[in-house]
Amino acid sequence: MENKTQKKVILSGIQPSGELTLGSYLGAIKNWVALADEYDCYYMMADLHSITVRQNPADLRRRTLTQMAAYMACGLDPKKSTIFVQSHVPAHTQLGWVLDCYTMFGELSRMTQFKDKSAKNADNINAGLFTYPSLMAADILLYQANLVPVGDDQKQHVEICRDIASRFNGVYGDVFTLPEPFIPKVGARVMSLTSPENKMSKSDKDPGGCVYILEKPEDIVRKFKKAVTDSDTEHCVRFDRDGKPGVSNLMTIYSAAVGKTFAEIEAEFDGRGYGDFKSAVGEAVVELLRPIREETERLLADKSYLESVYRAGAEKAGYVAGKTLRKVYKKVGFLPR
Ligand code: TYM
C-alpha cells in the first residue's frame, strides 16, 4: 500500500452539509476528475466538518452516501483514487487536535468562512466552527498532499494550512509537505443565479439561486430561465464581471459546460436576446448533468458496492494517515504505546 508510483499527492473534500451544487462541481470535482490519472488522489466526504453547523442525522447519512455515489458518477474511479468518509479515519481528529495547538487565535479570527458562518448561525458560534481550519489542515497534511484542488473560497484555508505546516516544520524539521491550492481558471467562483453578487452556495436560503447536480432537468431549465441578467441598456451577451455580473456568471457556467471561450460565446449570441441565451445555458447544464444524475441513481441502488468502496477507502486512507500521525506523535514527544 506504499505510494510506489511516487506520484504527487492530491487531497480534497466536500462537506455533505447540503446537496452537491453546480458550483462544487465546476469549482472542484471537475478538476478532481481531470487530475485523477496523474496524481495519487484522496477524495473524502468531509462529514466531521459538516457538524460545525447543526445537521439532521438521517439527512447527513443519506447525503454522505449520495455524495460518494456522485463523486463516482462524475468520473472518479475508486480503483485509481481513494474515496473515503472523513470520520472513518480517526487520524483526522487526532492530528486536528495537535494542530490546534500550533494554530493561533488571531489567524483563526481572520478566516472569512468563520466570519460568514458565524454571521449566518449567530445562535451556534461553536468552537468547532472556529477551529475548522486546523482540522482541514490535518486533512491535507496527513496525506502529505502536494496539491489541493478547490474553488476560490477555500484558498484562504489552504494558505493557513501552509502556515500551520511551516510553523510545525520550523520546530520539528521537515514533517509536512507544503500544499498548493489548485484553482480552476473558469468556474472557481460560480455565483448565485438570483443574486450574482453572492457565491452559489448549498446553504443558500433562496433555492432559485442554486443549481444542484442531481436536480431534475425541468427544474434546472426553469432556474436558468429565471436567472437575473443585468439592468444595463446594452442587452448583449458580453463578459464584464463588475458591470454585468449576472450575464458574466452565466457565461462562466456556459463556458465551463460546453468548453467555449468567452469570445466564442459572445459571437454565438451576437444580436440575440438574453432569453435565448438563458435557455441555451440551461440546456447545456442539463446535458452536462444528465449522465451524472443517471449514474448516481444507478450506483445508489447498489448499497453493498458503495459500502465496499468506502471500507476499502478508509483502509487505504487510514494506513497512509497513520504513518504521518505516528511521526507527528513521536516528534511532539508522546510516549509510544
Ligand atoms: P465546501 O463543502 O464548501 O465546498 C466544496 C468545494 O466546492 C467549491 N465550491 C465552489 N466552487 C466554485 N463556485 C462555487 N459557488 C462553489 N461552492 C463551493 C469549494 O471551493 C470547495 O472546493 N472546507 C471545505 C471542505 C474541506 C476540504 C478539506 C477541502 C474539508 N477539508 C481539505 C479541501 C481539503 C469546504 O467547506 O468546501
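When I say that two residues pack against each other or are in contact, I mean that they have heavy atoms within 4.5 Å, and when I call a residue buried, I mean that its relative accessible area is under 20%. Please keep in mind throughout that what we have in front of us is a predicted model.

With those terms in hand, let me begin with helix H10, which covers residues 245–258. Twelve of the 14 residues of H10 are buried, so this helix is largely enclosed by the rest of the structure. Those buried residues include Gly 246, Val 247, Leu 250, Met 251 and Tyr 254, and as a group the buried residues of H10 pack against H1, helix H9 (217–225), helix H11 (262–268) and helix H12 (274–300). As for its length, the 14 residues of H10 should span 20 Å at 1.5 Å a residue, and this agrees with its end C-alpha atoms, which are 20 Å apart. Just after the helix, Gly 259 takes a positive phi of about 75°.

Within H10, I would like to pick out Thr 252, which counts as buried because its relative accessibility is 8%, under the 20% cut-off. If we leave aside the neighbours within four places in sequence, Thr 252 is in contact with Val 186, Gly 187, Phe 239 and Phe 262.

Moving on to helix H12, we find Tyr 274 there, and Tyr 274 also counts as buried, at 8% relative accessibility. Not counting residues up to four places away in sequence, Tyr 274 touches several residues, among them Asp 230, His 235, Lys 244 and Val 247, and the last of these, Val 247, is one of the buried residues of H10. The side chains of Tyr 274 and Lys 244 make a polar contact at 3.0 Å. Asp 230, for its part, lies 44 residues from Tyr 274 in sequence and 9.5 Å from it in space, C-alpha to C-alpha.

Finally, let me turn to the ligand, which is surrounded by 28 residues, the closest being Gln 15, Tyr 132, Asp 139, Asp 153 and Lys 202. By class, this shell has 13 nonpolar, ten polar and five charged residues, and strand S1 (9–14), helix H1 (22–35) and helix H7 (127–142) each supply at least two of its members. A polar side-chain atom of Asp 153 lies 2.4 Å from an oxygen atom of the ligand, while a polar backbone atom of Val 190 is 2.8 Å from a ligand nitrogen atom. Taken alone, the ligand exposes 710 Å², and the protein buries 97% of that.

Notes. Residues are numbered from 1 along each chain as its sequence is written. This is a predicted model: local features need pLDDT of at least 70, side-chain atom pairs count only at pLDDT 80 or more; totals for chains, interfaces and linings use all residues. Side-chain values use heavy atoms; hydrogens and water are left out. A residue is near a molecule or strand if one of its heavy atoms lies within 4 Å of it. A polar contact is a pair of N or O atoms within 3.5 Å; within protein, one must be able to donate a hydrogen and the other to accept it, and residues adjacent in sequence count only if both atoms are side-chain atoms. Accessible areas come from the Shrake-Rupley method with a 1.4 Å probe; for residues, only the protein chains shown count as cover. Helices (H or I, at least four residues) and strands (E, at least two) are DSSP runs, numbered from the N terminus. Ala, Val, Leu, Ile, Met, Phe, Trp, Tyr, Cys and Pro count as nonpolar, Asp, Glu, Lys and Arg as charged, and the others, Gly among them, as polar. Buried means under 20% relative accessible area, exposed over 50%, partly exposed in between (1.4 Å probe, protein chains only). The expected span of a helix is 1.5 Å times one less than its number of residues.
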